[in-house]
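This report examines a protein chain, moving from its overall make-up to its interior and its surface. Please keep the sequence and the structure in view while reading.

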Amino acid sequence: MDYKPLTIGNDVVEFDLGGSGEDDAIALDLEHPDDGYDLFEEDDLVQLASSSARFGDDLGNGDPNLEPYEGMEFDSEQASRIFYNSYARRVGFSTRVSVYQRSRRDGSIICRQIVCSREGFRRDGGENRSKRQRTITRVGCKAQMTVKKQNSGRWAVSKLVKEHSHELVPPDKVHCLRSHRHVSGPARSLIDTLQAAGMGPSGVMSVLIKESGGINNVGFTKVDCQNYMSSSRQRTLGSGGQLVFDYLKRMQDEDPGFFCAVQGDFENSTGNIFWADSNSRMNYSYFGDTVTFDTTYRTNRYRVPFAPFTGWNHHGQPVLFGCALLLNESESSFVWLFQTWLAAMSGCQPVSITTDQDRIIRAAVVQVFPGTRHRFCKWNVFREAQEKLSHIYQSHPTFEAEFLRCINVTETIDEFEICWESLLKRYDLDSNEWLQSMFYARQQWVPVFLRDTFFGEMFVTQGSDNINSYFDGYINASTNIQVLIKQYEKAIATRHEKEVKADYDTLNISPVLRTPSPMEKQAAKLYTRIIFMKFQEELVETLAYPATVVDNTGSETMFRVAKYGEDHKGHFVKFNVFEKKASCSCQMFEFSGIICRHILAVFRVTNVLTLPSHYILKRWTRNAKSGVLLDEHALGLPNDSQDSSAARYDNLRREAIKYVEEGAESECVYNVAVDALREAANKVAAAKKHGPGVVQHTPKNCSQQLLSCTVDQDKKIEELAAELEIAIQRCEAYQVKLLTILKDMEEQKLKISVNVRNVRLNLKM
């Protein structure tokens, strides 16, 4: 089975309220303190969660001789904690974080001490101490590792004490130590599923032990399992749940297109909750070709299990398709959530979906989205690699760069597989189980296998290095249920403002053209500003990419396109001159919807002066939100889109922006536009004061009629001119093809003449 990794730095922390003794105050090496720093002691000593369990990260499988030493460097404080906890698992003790040191200049932590969990002594609680006698676990052990931040940004071990004043735990008992125990996300999902089937703690542990290959690999004890199952039965939204339900009821009254569903009792839910407003559902009708299901709350241990469905709008900005509160993480619950979301989106499945690589989520996606391409979030894979291969990252500083290069830079499947095999052999990782499992699943996360499917990202190598988070900066690990809805509404408002700003910039800020190409001028009028800038970048780069014909047989011509001076990095483009269709080996258009420099280079040498219509995705254009892509009845939206205040606002905004753009073309048109606005303002004021009954529809005056007629004629002329230009280009293409054929015929005729002459000479002789 596949299990989800554990992130040390973001685990739920446990506090020891017993405090620490005076020894804690002197545990940090301050023989030569810097006057620029303050020292603080953590009253609540953090219990570091495990990174070395079957359901977490078995770092003990690394080099057994890899031990800490003074001067040893790490990329981050978190990396040092992961390493020391892994070392502790191999040796046989538990760890916790002790004191730290902050900089007076910026308040950042620049020194951290990690100690044996039996360091120091507990304080005597006096009269207020609990009647229950607590087990004495602290015996004054001096073992510790102190790391300090260097000027380079890396962290180095400044003090190390390896000797312990107590017996160490044997390998078959180390999984019982607190810093090596953790019920991870995948384990929780499996427990939820088994618990929902009626299985008790003993039965659940039996399954976990069997699947993990032994109790030592489970990563937690039966008591931990019992505690989790007990808390799972009681998991609800708590006192803040009423705020969520009040919000859902209010939105149902205010927004006719609002959709919500609860798995279980609406008033006292212990199941999942899903909702999507009318804007989210309409956005899906425009931009629902690719979707991200963001479960950051699981990896970053959010207090609220909040998971949004998101995508990309026509400006390349995150757009929302609905939200969920996941109070149950069983497979059946994820299936319910996906089915409910799909129903809210009129049953129209996306082309692609991105999630984390959890086994439970994978099973639910296969069941609900059978025709959708499923991708794992590459950011999650890389984060898991840092944990699973921590010992390699530490002992071989060059491994990470080579690993990333193997994933992101390879351009063909063969190149990736050769690079992968070479990497494993070079670092002796052929038998690493995690790498083997990820290689088997390579078609779902390695970019070279995914380029033939649309994911809407600007760069092929981007690959969700950081998952598309619509609520980044608004909802995080500290957000509680009481403030969730408030932050949710803030994020919605801010994202809407950014989209309006991008719309305004697209319509009112003309891009600077960098070439005399008619194609660039065409794209500037079609695409939104940010998408045009990406297209322009590709177009300009064609000047350094000559295209060479390598095969001209049949209906398609094969070109090889390589950057000048880099012939070894060529791409191949197949081009049908009659249909003006091309396909490139880089597959950028299939992946991002933006045509690549290689195809544009072929267009340049074959005199294709404007973009063919099949290379213009409407979702990236200024008019992406014009028209309805899905049936409003199927969406459950009101038949009249003006019934929704949000829809009315959006429609008026778009019409106003178009009106302003046309009204500013000339002084004459401007005067007509101003008069019309004043008249419209009077009608709006009258309607607000007396109601719509007093407003009369007056016929257009002569100037308005003349303007309308002129605009229609101009549009017709533009359409005819465009058709004429396309016809001319086709004729030129046929002419080029015909000249090539005639040239070949002349060459063949010449060869035949020479042969005939030779035959005659031979006969005379």
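The sections below describe the chain as a whole, its nonpolar cores, one strand and one surface patch.

## Overall make-up

The model is predicted. The protein chain contains 25 helices and 19 strands. Of its 765 residues, 47% are buried. Among contacts between residues at least 6 apart in sequence, 65% join residues at least 24 apart.

The protein chain exposes about 38,900 Å². Carbon and sulfur atoms supply 53% of that area.

## The nonpolar cores

In soluble globular proteins, nonpolar side chains tend to be buried together. The largest nonpolar core of this model has 35 residues. Within this core, Tyr527, Phe535, Val573, Phe575, Ile595, Ile599 and Phe603 touch the most other members. Several helices and strands each supply at least two residues of the core. The helices are H18 (518–526), H19 (529–541), H20 (588–592) and H21 (597–605), and the strands are E17 (557–561), E18 (571–576) and E19 (581–584). H21 gives the largest share, five residues. A second, separate core has 33 residues, including Ala276, Tyr284, Phe309 and Phe321.

Which residues does Phe575 contact, leaving aside its neighbours within four places in sequence? On one side of Phe575 in the numbering are Ser555, Glu556, Thr557 and Phe559. On the other are Lys580, Lys581, Ala582, Val602, Phe603, Thr606 and Val608.

## Strand E11 and its partners

In a regular strand the side chains alternate between the two faces of the sheet. In strand E11 (residues 290–293), Thr290 and Thr292 point one way, while Val291 and Phe293 point the other way. All four of these residues are buried.

E11 pairs with strand E14 (residues 352–355) in the parallel sense, over three bridges. E11 is also joined by two bridges to strand E12 (residues 306–312), and this pair runs antiparallel. Thr292 takes part in both pairings: its bridge partner in E14 is Thr354, and its bridge partner in E12 is Thr310.

## A nonpolar patch on the surface

Leu738, Leu739, Ile741, Leu742 and Met745 form a nonpolar patch on the surface. Together they have about 490 Å² of accessible area.

Leu738 lies in helix H25 (residues 702–764). Is Leu738 buried, partly exposed or exposed? Leu738 counts as partly exposed because its relative accessibility is 47%, and this class lies between the cut-offs of 20% and 50%.

Notes
Residues are numbered from 1 along each chain as its sequence is written. This is a predicted model: local features need pLDDT of at least 70, side-chain atom pairs count only at pLDDT 80 or more; totals for chains, interfaces and linings use all residues. Side-chain values use heavy atoms; hydrogens and water are left out. A nonpolar core is a set of buried Ala, Val, Leu, Ile, Met, Phe, Trp, Tyr and Cys residues joined through side-chain atoms within 4.5 Å. Buried means under 20% relative accessible area, exposed over 50%, partly exposed in between (1.4 Å probe, protein chains only). Helices (H or I, at least four residues) and strands (E, at least two) are DSSP runs, numbered from the N terminus. Contact means heavy atoms within 4.5 Å. Two strands pair if DSSP finds at least two bridges between them. Patches are made of residues with over 30% relative accessible area and no salt bridge: like charges are joined within 9 Å, nonpolar side chains (Val, Leu, Ile, Met, Phe, Trp, Tyr) within 5 Å. Accessible areas come from the Shrake-Rupley method with a 1.4 Å probe; for residues, only the protein chains shown count as cover. A salt bridge is a side-chain nitrogen of Lys or Arg within 4 Å of a carboxyl oxygen of Asp or Glu.
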